[in-house]
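Subject: Structure handover and what was found in it

Dear colleague,

I am passing on the structure we talked about, together with a written account of what was found in it. Please open it first and keep it in view while you read on.

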Amino acid sequence: MSRSIIIPAWNGARWISDCLQIVEQQRLADDELIVVDNGSTDGTAALVAREFPNAKLVRLERNFGFAAAVNRGLEIAPGDVLILGKPLGVGILSAVLKKGQ
């Protein structure tokens, strides 16, 4: 059973590294990590591309809102199980990933 982990982000450069590091530490080998950058202007997308090359990065040209970013991630997620996280919700995301192992 494959899992897709979807992280929508907007101007989250301060938090995204911590979030994605925890995901990388806890994800299973077959898990796919998808980061949807919602038109960030603080370098979030560049940071993800540089520091997390295994993440599938989707760049939206402007901020379409949280729901639109989530929906875009869901549209391309191939997993049987879809896990939604947020850069500031890393504690909850960590618990979900551990439970699924």
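Let us begin at a single residue, Phe52, which counts as buried because its relative accessible area is 7%, and anything under 20% is called buried. Please bear in mind throughout that this is a predicted model. Phe52 sits in the loop between α2 and β3, and, if we leave aside neighbours within four places in sequence, Phe52 is in contact with Ser17, Leu20, Gln21, Glu24 and Leu47. Phe52 and Val35 are 17 residues apart along the chain, and their C-alpha atoms are separated by 9.9 Å.

Asn54 is also found in the loop between α2 and β3, yet Asn54 is exposed, with a relative accessible area of 59%. In sequence Asn54 and Ile34 are 20 residues apart, while in space they lie 9.2 Å apart, taken from C-alpha to C-alpha.

With those two residues located, it helps to step back to the whole chain. The protein has 4 helices and 4 strands, and, starting at the N terminus, its elements follow the order β-α-β-α-β-α-β-α. Of its 101 residues, 44% count as buried. If you take the contacts between residues at least 6 apart in sequence, 70% of them join residues at least 24 apart.

Two of the helices show how burial is arranged. Which residues of helix α2, running from 44 to 51, are buried? They are Thr44, Ala45, Leu47 and Val48, and, seen down the axis of α2, these buried residues fall within an arc of 165°, so they line one face of the helix. A general point about helices is useful here: an α-helix has 3.6 residues a turn, so residues three or four places apart point the same way. The buried residues of α2 pack against β1, α1, β2 and β3.

In α3 the buried residues are Ala69, Val70 and Gly73, and, seen down the axis of α3, they fall within an arc of 100°, so they too line one face of the helix. What covers the buried residues of α3 includes β1, β2, β3 and β4.

Next come the nonpolar cores. As a general rule, in soluble globular proteins, nonpolar side chains tend to be buried together. The largest nonpolar core of this model has 14 residues, and those with the most contacts inside it are Ile7, Ile16, Leu20, Leu33 and Val35. The elements β1, α1, β2 and α2 give two or more residues to this core, and α1 gives the most, with 4 residues. Ile16 shows what such a residue meets: leaving aside neighbours within four places in sequence, Ile16 is in contact with Ile7, Ala9, Thr44, Leu47, Val48 and Pro87. There is also a second, separate core of 7 residues, which includes Ile6, Leu60, Ala69 and Ala77.

Val36 is worth finding in the viewer as well. Is Val36, a residue of strand β2, buried or exposed? Its relative accessibility is 0%, and Val36 therefore counts as buried. Not counting residues up to four places away in sequence, Val36 touches Ile7, Pro8, Ala9, Val58, Leu60, Ala69, Arg72 and Gly73. Val36 and Arg59 are 23 residues apart in sequence, but their C-alpha atoms are 6.1 Å apart in space.

Two further features remain. One is Asn11, found in the loop between β1 and α1, which has a positive phi of about 45° although it is not a glycine. Asn11 is partly exposed, with a relative accessible area of 21%.

The other is the largest pocket, which has a volume of about 210 Å³. The lining of this pocket is made up of 13 residues, and those that lie nearest its centre are Pro8, Ala9, Trp10, Phe66 and Lys86. Both β1 and α3 supply at least two residues each to the lining. How many of the lining residues are nonpolar, polar and charged? The lining divides into 8 nonpolar, 4 polar and 1 charged.

With best wishes,
A colleague

Conventions: Residues are numbered from 1 along each chain as its sequence is written. This is a predicted model: local features need pLDDT of at least 70, side-chain atom pairs count only at pLDDT 80 or more; totals for chains, interfaces and linings use all residues. Side-chain values use heavy atoms; hydrogens and water are left out. On a 1 Å grid over the protein atoms alone, a cavity is a set of points where a 1.4 Å probe fits but cannot get out, and a pocket is an open set with protein on both sides within 12 Å along at least five of seven lines; lining residues have an atom within 4 Å of a point. Grid points are joined across faces, edges and corners, and a volume is the space filled by probe spheres set on the points. Ala, Val, Leu, Ile, Met, Phe, Trp, Tyr, Cys and Pro count as nonpolar, Asp, Glu, Lys and Arg as charged, and the others, Gly among them, as polar. Buried means under 20% relative accessible area, exposed over 50%, partly exposed in between (1.4 Å probe, protein chains only). The arc is that of the directions from the helix axis to the C-beta atoms. Contact means heavy atoms within 4.5 Å. A nonpolar core is a set of buried Ala, Val, Leu, Ile, Met, Phe, Trp, Tyr and Cys residues joined through side-chain atoms within 4.5 Å.
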